[in-house]
Amino acid sequence: MPDETVHESRKSRSRQALATYFRRIARALGRGEPVPVDDAGTVTVDPAAEQEVEVELEREDGTVHFEVEMEWPEAEGQIDDEAAASKATFELYADSADEWRWRLRHDNGNIIADGGEGYSDKRDAESGIESVQRNAPGAHVIDASRDEETPEEGGSDATFELFRDKADEYRWRLRHDNGNIIADGGQGYASKQKAKQGLNSVKSNAPGAAIEEPGDDEALDDEEEEEEE
């Protein structure tokens, strides 16, 4: 069959973002799972058990090229260019105070994360969503109740912090390196394991989640339900 480019992208990345991208690939390879090709995971490849790997480093006209190429017979692998990017959706809505907020709702109906604050400008709420999509997948997880420190290597520009609240329940929050909390789980868990499951759901679902704006009545009804809980 003729040659076909299934996916191609080019963008600038920081060293940290690049480490996060390669870590996602390494994790999938180690687990024998489909490897995400793009950031959102909408294109994946399930490579053969063994591949020919070529590593090339060259200089050309003042530019350095560092290329890693994997190759295997097509029949021994599988490409999915319509992979399910996420099992959740970001909902962007205006609350009763006419401030813009967001929440991440799983397909099962549960809200698994929210921004924790309202914004007067819709664009600020959208920027908050983008920050979570960009930073959640590769963020380190630390136990703040034990004063654990964020590892210096790898990770993203944010860190998931596990902590205990006044009711002695475990919670998580995603704190940016600038000190701002950009997301939290919105609820307490009886065990650390359950809290980790909650944040891991955000790690896997946030990057490719679509952004929708529910109707005003629906948004307000949900907000009232949350306040009653």
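**Note on charges, a nonpolar patch and a few loops in a predicted model**

1. Five acidic residues, Glu-4, Glu-74, Asp-80, Asp-81 and Glu-82, together form a negative patch on the surface. The structure discussed here is a predicted model, and every remark below should be read with that in mind. Within this negative patch, Asp-81 can be placed in the loop that runs between strand 5 (78-80) and strand 6 (88-94). Asp-81 has a relative accessibility of 49% and therefore counts as partly exposed, since the class called exposed is reserved for values over 50%.

2. A second patch on the surface is nonpolar, covers about 810 Å², and is made by Leu-29, Val-53, Val-55, Leu-57, Val-64, Phe-66, Val-68 and Met-70. Which elements give two or more residues to the nonpolar patch? They are strand 3 and strand 4, and the largest share, four residues, comes from strand 4.

3. Two members of the nonpolar patch are worth following in the structure, namely Val-55 and Leu-57. Val-55 lies in strand 3, and its relative accessibility of 55% is the reason why it counts as exposed. Leu-57 is found in strand 3 as well, a strand that spans residues 52-60, and Leu-57 counts as exposed because its relative accessibility is 64%.

4. The surroundings of Leu-57 show how parts of the chain that are separated in sequence come together in space. If residues up to four places away in sequence are left out of the count, Leu-57 touches Val-64, His-65 and Phe-66. Of these contacts, Val-64 and Phe-66 also belong to the nonpolar patch, as Leu-57 does. In addition, the C-alpha atom of Leu-57 is separated by 6.4 Å from that of Glu-67, although these two residues are 10 residues apart along the chain.

5. The loop between strand 3 and strand 4 (63-71) contains Asp-61, a residue whose backbone deserves a careful look. Asp-61 has a positive phi of about 50°, even though it is not a glycine. With a relative accessible area of 78%, Asp-61 is exposed.

6. A positive phi is also found at Asp-147, where the angle is about 60° and the residue is, again, not a glycine. Asp-147 sits in the loop between strand 9 (140-143) and strand 10 (158-164). Is Asp-147 buried or exposed? Its relative accessibility is 67%, and so Asp-147 counts as exposed.

7. Turning to the charged pairs, a search of the whole structure finds 11 salt bridges, and one of them joins the side chains of Glu-91 and Arg-105 at 2.9 Å, N to O. This pair links distant parts of the chain, with Glu-91 in strand 6 and Arg-105 in strand 7 (residues 100-106), 14 residues apart. Both Glu-91 and Arg-105 are buried. The pair also takes part in a network of salt bridges that links Glu-91, Arg-103 and Arg-105.

8. Another salt bridge is formed where the side chains of Lys-122 and Glu-213 meet at 2.6 Å, N to O. Lys-122 lies in helix 2 (residues 122-135), whereas Glu-213 lies in the loop between strand 13 (210-212) and helix 4 (216-228), so the pair ties together parts that are 91 residues apart in sequence. How accessible are the two partners? Lys-122, at 26% relative accessibility, counts as partly exposed, and Glu-213, with a relative accessible area of 47%, is likewise partly exposed.

9. The side chains of Arg-171 and Asp-165 meet in a salt bridge as well, at 2.7 Å, N to O. Arg-171 has a relative accessible area of 26%, and this value is why Arg-171 is classed as partly exposed.

10. A last point concerns Ser-191, which is placed in the loop between strand 12 (181-184) and helix 3 (192-205). The C-alpha atoms of Ser-191 and Tyr-170 are separated by 6.1 Å, while the two residues are 21 residues apart along the chain. Ser-191 is partly exposed, with a relative accessible area of 28%, because partly exposed covers the range between under 20% for buried and over 50% for exposed.

Technical notes: Residues numbered from 1 in each chain as written. Predicted model: local features only at pLDDT ≥ 70, side-chain atom pairs only at ≥ 80, totals over all residues. Heavy atoms only, no water. Patch = residues over 30% accessible without salt bridge, like charges linked within 9 Å, V, L, I, M, F, W, Y side chains within 5 Å. Areas by Shrake-Rupley, 256 points an atom, 1.4 Å probe, with all protein chains shown as cover. Salt bridge = Lys/Arg side-chain N within 4 Å of Asp/Glu carboxyl O. Lys, Arg positive; Asp, Glu negative; His and termini not counted. Charge placed at Lys NZ, Arg CZ, Asp CG, Glu CD. Buried < 20%, exposed > 50% of the residue type's maximum accessible area, 1.4 Å probe, protein only. Contact = heavy atoms within 4.5 Å.
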